[in-house]
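Biologist: I have a model open and would like to go through it. Can you take me around?

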Amino acid sequence: MNVLFVTSECAPFVKTGGLGDVAGSLPQELVAQGVETRVILPKYAVIPQQYKDQMQYIDHIYIKMGWRSQYCGVFELKMNNVTYYFVDNEFYFGANYVYGDIATDIERFAFFDKAVLALLQVVDFWPDIIHANDWQSGMVSVLLRAHYAYDGRYNRIKTLFTIHNLKFQGIYDKAVIADVCELEKSYFTPDKLEFYKDASFMKGALTYSDYITTVSPTYAEEIKTEFYGEKLDGLLRARAGSLKGIVNGIDYNTYNPRTDEMIYETYNSRDFISKKKLNKTALQRELGLVEDDEKFIISMIVRLTSQKGMDLVNCVLEDICFDQNIQIVVLGTGEKKYEDSLRYFDWKYHGRVSAQIRFDNTLAHKLYAASDVTLMPSLFEPCGLNQLIAMRYGTLPIVRETGGLKDTVEPYNEFESTGTGFSFKNYNAHEMLGVIRYAHDIYYNRRKDWNGICRRAMAKDYSWQQSAREYIELYQSLA
């Protein structure tokens, strides 16, 4: 079976979020399980030169974009048993960013989606399944139907589309989309691409793909409701028979406390109690926090937005800081009001609060190893990877019960001695505060129980093996 994985980002070449991690790990596991999987993505200027130096030029064609014909080159790189194709065009991908404003991105990714299909002939790879991801590759299914319906090499290809975050949909003026995608007016009706007088790449994918997946079973159910459905809940309910949630995995080679060279002290499930204390004091020393391995460290590695629950955190941060045995470290960037608030608390409670307003992958690994809990109070969370990584390192997640957070974190049950973390149901700041205080009490007053939760969390298997098996079963049912 041949699968072409279409993505706008892929680790280690380029990554802005969870999609990059998925695209970097899932194809490797599919190959390991016997599926010929190749990945195609744009050749961005921001891809590190070390990878560009390994790419081999294959050929080029020209693609019609409105009134213009645009150069489209394709480069190839083979790594970790996966073949990667890079779509080359300096006009669209030569700037120093991955995503820009929606006006430019619509044309950039329309070009990319057209290139994906046109380049199959150039690389002579004919997939049984095209697996597209998020709105940036949302037009692949539409274009396959519109432009290649009578080509025998194409019309046997089945399409699967994965929603990583329904909120971002690629919505723009339908006349522009019709022009750059060369689509007739018949495609821009309310039952197809039209979306409240505009048009949506995401809606096109949901309408024309043979099957739809999203990144957790709970999120698959949530997006069929008005609250989570981003005005596409009706369409998703109509396609419920072709919609499934499959939980993401994490790369167990990258996130492994036994071998992680980024953390202060490596450890395993047998010696984590003492080694996490060493990691904790080293982190405190690096960040200027009070050095005490008995302090309760809450970390957040987060995009500072309301979607991630930062409004809840803002509401009760003063209450959390009231307890002098708690230390808080936040790593991330985002909305200015949250950045400014965290800087203020860093100033007011210096030595107990550390606001790291930046992206720092090495520090992220150190936080996973040194923290006691990681806080994820999201308004919605399609899957989430931080909680999976944290559990791998024996750091317990405190999460709101939504999407993949609900599917992957089993709340602690003190009566049955079960659970791998802590959770709360309602989007309520004081309900969150109550769970933080409960976890804090378990940590200080029932340390044996706490260590048991940590061991159960570290024993959970959220590698890509099981998720890949589910995708393979789905591919086989479609092919």
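Modeller: We will go through the sheets, some helices and a few backbone oddities.

Biologist: What kind of model is this, and what limits apply?

Modeller: This is a predicted model, in which local features need pLDDT of at least 70 and side-chain atom pairs count only at pLDDT 80 or more, while totals for chains, interfaces and linings use all residues. Residues are numbered from 1 along each chain as its sequence is written, and side-chain values use heavy atoms, with hydrogens and water left out.

Biologist: What is the strand order in the open sheet of 9 strands?

Modeller: The order is β3-β4-β5-β2-β1-β6-β7-β11-β12, and the pairing is mixed. Strands here are DSSP runs of E with at least two residues, helices are runs of H or I with at least four, and both are numbered from the N terminus. Two strands pair if DSSP finds at least two bridges between them.

Biologist: Which are the edge strands?

Modeller: They are β3 and β12 (243-245), each of which pairs on one side only. From one strand to the next, the twist averages 25°. Angles run from 0 to 180 degrees between N-to-C directions, and axes are lines fitted to C-alpha atoms, for helices over the stretch in contact.

Biologist: How do β3 and β4 pair, parallel or antiparallel?

Modeller: β3 (residues 56-65) and β4 (residues 68-79) are antiparallel over 9 bridges. One bridge joins histidine 60 to glycine 73 in β4. The two strands form a hairpin with 2 residues between them, and glycine 66 in that turn has a positive phi of about 65°.

Biologist: And at the β12 end, which sense do β11 and β12 have?

Modeller: Strand β11 (residues 211-214) pairs with β12 in the parallel sense over 3 bridges. Threonine 214 has glycine 245 in β12 as its bridge partner. Helix α4 (residues 102-118) packs on this sheet, where it touches β1, β2, β3, β4, β5 and β6, and its direction makes about 120° with that of β3. Contact means heavy atoms within 4.5 Å.

Biologist: What is the order in the open sheet of 3 strands?

Modeller: That one runs β8-β10-β9 with antiparallel pairing. Its edge strands are β8 (171-172) and β9. β9 and β10 pair over 2 bridges, and glutamate 194 stands opposite alanine 199 in β10. Helix α8 (residues 201-208) packs on the sheet, touching β9 and β10, at about 55° to the direction of β10.

Biologist: Switching to helices. How many residues of α1 are buried?

Modeller: The count is 11 of 15, so α1 is largely enclosed by the rest of the structure. Buried means under 20% relative accessible area, exposed over 50%, and partly exposed in between, using a 1.4 Å probe and protein chains only. Among the buried residues are Leu19, Val22, Leu26 and Leu30.

Biologist: What covers them?

Modeller: The cover includes β1, β2 (36-42), β5 (82-88), β6 (129-133) and α19 (464-478). After α1 comes glycine 34, with a positive phi near 95°.

Biologist: At what angle do α17 and α18 pack?

Modeller: Helix α17 (residues 429-445) and helix α18 (residues 447-459) pack at about 110°, with their axes 5 Å apart. That makes α17 roughly perpendicular to α18. Angles under 35 degrees count as roughly parallel, over 145 as roughly antiparallel, 65 to 115 as roughly perpendicular, and the rest as oblique. Residues in the contact include Ile442 and Tyr443 of α17 and Trp450 and Ile453 of α18.

Biologist: And how are α12 and α13 arranged?

Modeller: Helix α12 (residues 310-321) and helix α13 (residues 336-348) pack at about 10°, with their axes 11 Å apart. They are therefore roughly parallel to each other.

Biologist: On to the oddities. Which peptide bond is cis?

Modeller: The bond from alanine 11 to proline 12 is cis, with omega near 5°. Proline 12 is found in the loop between β1 (2-6) and α1 (18-32).

Biologist: What is the phi of tyrosine 196?

Modeller: Tyrosine 196 has a positive phi of about 50° although it is not a glycine. This residue is found in the loop between β9 (194-195) and β10 (198-200), and tyrosine 196 is exposed, with a relative accessible area of 58%.

Biologist: Is glutamate 230 buried, partly exposed or exposed?

Modeller: Glutamate 230 counts as partly exposed, at 24% relative accessibility. Its phi is also positive, near 50°, and glutamate 230 is found in the loop between α9 (217-222) and α10 (233-238).
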